[in-house]
Amino acid sequence: MPESSSTEVPTSVDMSVPLASSPNRSFCLSSALALKWAWAKILLVGFNPPIVSISLSTAHGFQGSKAHESSDSACMARTLVVHAASHVSPASVQRVSAVVVNHRSRRRRLPLLTSIDMEIAKIKEKGQNLGHDIVLWKSSDNKFKPRFASSNTWQQIRHADQKVSWYKGVWFSDSIPKFSFLLWLAVRNRLSTGERMLAWNRAVNPSCVLCNAPMETLEHLFFACSYSSQIWKALTNQLLTRHYSLNLWEILSSLSTPTFKGTICYILRLVLQATVHSIWMERNRRRHGELSSSAEQLIKLIDRIVRNKISSVQLLGSRKLEDGLQIWFASRD
Ligand SMILES: [Zn+2]
């Protein structure tokens with residue numbers, strides 16, 4: 001099915017063949033719905049996205065319509081078609097043909113709905129030979145295409161804020177996802193540090209369990225704390241050289257800009273997220289009365305994490321870290 005132009009009705013309509021017996025059903029339902037049903041469900045239930053911005057409850061009309069501001073009526077008709085073909089559940093799939101056949105023009109409260117009515121009427125006028133129902137997905141270039149891509153759909157439903165200055169230091173290729181996530185929480189100041197817990201409950205002891213400083217703040221943990229700074233210094237002093245810092249924001253700034261390049265940049269980002277994760281885990285263990293680890297033990301742990309990660313990336317055949325272990329070992333002397 002070629003991609004539709006902006007003026008044509010994008011989805012073909014089979015008036016005579018039920019979808020269940022359509023030779024294209026495997027495309028229409030099995031691939032387009034069974035695999036994407038969860039997405040359709042998410043789009044329909046959880047969001048108010050432009051890709052399925054019209055709610056169609058039955059073949060007899062619209063319900064709770066909500067339209068994307070920038071979409072014209074032709075796009076809305078497409079949206080309707082997308083919605084109609086991916087509606088709610090495989091068991092209650094509404095054929096586009098049924099939508100069209102059962103459609104009756106009526107007075108609409110919103111001008112946009114009137115426009116959509118007109119678009120459906122145009123589909124109806126085209127008659128019997130429009131082919132089978134298919135699902136079209138809105139893509140990043142604002143066109144509707146038969147190919148589904150989760151990244152495209154995600155871009156359609158998410159609200160995109162301005163890029164933050166530190167994102168490259170947190171999210172990068174071949175990172176360790178759970179470490180990136182924890183670092184992201186830290187950067188967003190969402191970790192339950194002593195300072196934050198004190199704001200919720202005045203009875204909480206906000207002191208640092210790593211060095212007994214009276215107030216455990218984010219900046220203290222990463223890496224003003226005497227325990228944390230010992231670890232950070234041992235791991236990065238030789239790599240950061242004149243950019244060495246114990247301030248998390250300065251470190252993130254260095255690792256999010258072209259200050260460092262290539263393998264060294266990757267290693268530093270990896271060490272940062274592994275160190276933040278390891279220190280936070282150690283802090284939690286101590287808060288919950290478990291056995292504590294010395295700074296030396298944590299340094300060894302992080303060193304092993306970094307070596308294993310570099311090795312695993314190399315094993316995947318990537319050449320970008322071929323000198324990774326060499327650089328890391330040299331910095332550890
Ligand atoms: Zn401390």
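Colleague: Which residues of α11 are buried in this model?

Modeller: Burial is read from how many other C-beta atoms lie within 10 Å of a residue's own, with 20 or more counting as buried. In this predicted model, the buried residues of α11 are Tyr227, Ser228, Ile231, Trp232, Leu235, Thr236 and Leu240.

Colleague: What covers the buried residues of α11?

Modeller: The cover includes α10 (218-224), α13 (262-287) and α14 (295-315).

Colleague: Where does α11 bend, and by how much?

Modeller: A bend is the angle between axes fitted to the seven residues ending at a position and the seven starting there. Helix α11, which runs over residues 226-240, bends by about 45° at Ala234, and just after the helix Thr241 takes a positive phi of about 45°.

Colleague: What span does α5 reach, set against the one expected for a helix?

Modeller: Helix α5 (residues 111-126) has 16 residues and reaches 23 Å from its first C-alpha to its last, which is close to the 22 Å expected at 1.5 Å a residue. Its buried residues are Ile116, Asp117, Glu119, Ile120 and Ile123.

Colleague: Why are the buried residues of α5 said to lie on the same side?

Modeller: They lie on the same side of α5 because they cover an arc of only 165° around the axis, while Pro111 and Glu125, on the other side of α5, are exposed.

Colleague: How many helices and strands does the protein chain have, and what percentage of its residues is buried?

Modeller: The protein chain has 15 helices and two strands, and buried residues make up 33% of its 333 residues.

Definitions and conventions:
Residues are numbered from 1 along each chain as its sequence is written. This is a predicted model: local features need pLDDT of at least 70, side-chain atom pairs count only at pLDDT 80 or more; totals for chains, interfaces and linings use all residues. Helices (H or I, at least four residues) and strands (E, at least two) are DSSP runs, numbered from the N terminus. A residue is buried if 20 or more other C-beta atoms lie within 10 Å of its own, exposed if 12 or fewer, and partly exposed in between; C-beta atoms are placed from the backbone. Two residues are in contact if their C-beta atoms, placed from the backbone, lie within 7 Å. The expected span of a helix is 1.5 Å times one less than its number of residues. The arc is that of the directions from the helix axis to the C-beta atoms.
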